[in-house]
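Okay, thanks everyone, I'll keep this short. Let's pull the structure up on the screen and walk through it together.

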Amino acid sequence: MDGPVVSPYHYSNTSIPPMSSDIRVRFAPSPTGYLHIGGARTALFNWLFARHHRGKFVLRIEDTDPKRNTEEAMAAIYEGLQWLGLNWDEGPHVGGDFGPYLQSERTEIYERYLKKLQDAGHIFEDQGALRFRSPREHVVVDDLVCGKIDFDLTNPGTHPDMTLRRPDGSWIFHFVNVIDDLEMKISHVIRGEDHLSNTPKHIEIFRALGATPPRYAHIPLILNKDSSKMSKRDEGARVEYYIHRGYLPAAVRNYLCLLGWSPKDNREKIDIEEIIRIFDLNHVGRSHATFDPDKLHWLNGEYARELSDSEFYDLALATLKSSGVKIQNYPEEYVRAALQTCKGKINTFDELPSYCGFYFTDDFDYSPEGVAKHFTAENKPRLRAVRDAFSVLEKFDATEIEATLKATAANLGVKIGAIVHPTRLAVTGSNVGPSLYHLLEVLGKEKMLARIDRALRRIGC
């Protein structure tokens, strides 16, 4: 027969079944590096699909490369998923009916399936390696995201017989990946588009075993703003970066949902329960997703502003303690009042130490730009006038402080900003920060006067 043989096998997955406990998806990372933001997005899409369809989300660790696996990377995977709230239904620390969930513990299973392929004549030896004999045909795949794709596997030059087991006895990803999906009854494989070319190879193995493949959905890759591929070397490529920078997991999870998927109504801030309700692979785009750190930073600020006072206080307290700010030297009432002036003013909690550190030390540096602009000979008498006005105040609260500053500015014949800026610099060392009237109230009259005196000495002239 002339020309390539087109297989009658047509792998179709254009429809999604109704909500069913038969829906089983998996996230299968290798513990060879820290959890990448792209891997986290893949895990999230699988988790959303499982939750939407009331199915199972399985965590499987592909640790067949002992030379590259590390305990630190394994711990980072668990920590990252747990931080994002992506609880798995089966897997390490949870168990399940289809374990073990570490590939390093599944050797007997792989041996059994390898023998089945050997007995059926699908395996041959090549210089110590065991290779799969390709049937040399087309495999047509209807991907849930990428659509129908015809893979021509007839040419051994472009599609060589793949190795399943190396000469040293270690397993190749393609083989163990398929066996695990088969054994764990995975119904849908949702993974990055970079795995799309692997799909026909995997389907060949499924067919050789007389098994039905899962349905596939290959989601778009995540690129940097300059269109380069996001690698582990890029700042912000690791989930741990966001954990340590004081991002909120709900905000990061929300943002990751929008990388390749859209609710089709231009919303950006969406509650996770709403996303679960409307999540649909039909709304996953084909174009690459662009990771925008600025948008994530903004979105995190939106979530931070919605925190309750107690939630904000607990997170702020933990951040200040971990950064070495000596809050233990101050009464709890003072700390609470100080942090309350910061609520709604920061986007990420790692901004907090520099934003409010002045509350917890009298020995702070002044902003060089602020000194050049506000600690001038012209402003020294203005700052002294502010000190004199404050020194006679009997009631030292935000309302009286504001009225006093405005009256002082009027007496000096200047706009309020002419005394607000040098006063802020004098008591905080910075040009930005919480509301001046409220922060002065928190500091108290005595501390405020002492700091203005220190600033007047710093001006010198």
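**A first look at the chain**

So, about 21,500 Å² of the chain is exposed, and carbon and sulfur atoms supply 49% of that. One thing to keep in mind throughout: this is a predicted model.

Let's take the overall build. We've got 18 helices and twelve strands in the chain. The radius of gyration is 30 Å, and the globule rule gives 23 Å for 461 residues, so the chain is more spread out than a compact globule. If you look along the principal axes, the C-alpha trace spans about 100 × 45 × 40 Å.

What about the inside? Of the 461 residues, 53% count as buried. And if you take contacts with a separation of 6 or more, 75% of them are between residues 24 or more positions apart.

Charges next. There are 58 positive and 64 negative ones, and their mean positions are 3 Å apart.

Last topic: cysteines. How many disulfides does the count come to? The answer is zero. Just as a reminder, a disulfide is a covalent bond between the sulfur atoms of two cysteines. Now find Cys-342 on the screen: the nearest cysteine sulfur belongs to Cys-356, and that's 4.2 Å away. Why no bond there for Cys-356? Because a disulfide needs the sulfurs within 2.5 Å, and at 4.2 Å the sulfur of Cys-342 is too far. Are these two buried or exposed? Cys-342 is buried, at 0% relative accessible area, and Cys-356 counts as buried at 0% too.

Definitions and conventions:
Residues numbered from 1 in each chain as written. Predicted model: local features only at pLDDT ≥ 70, side-chain atom pairs only at ≥ 80, totals over all residues. Heavy atoms only, no water. Helix = DSSP H or I, 4+ residues; strand = E, 2+ residues; numbered from the N terminus. Rg over C-alpha atoms; globule rule 2.2 N^0.38 Å. Buried < 20%, exposed > 50% of the residue type's maximum accessible area, 1.4 Å probe, protein only. Contact = heavy atoms within 4.5 Å. Areas by Shrake-Rupley, 256 points an atom, 1.4 Å probe, with all protein chains shown as cover. Lys, Arg positive; Asp, Glu negative; His and termini not counted. Charge placed at Lys NZ, Arg CZ, Asp CG, Glu CD.
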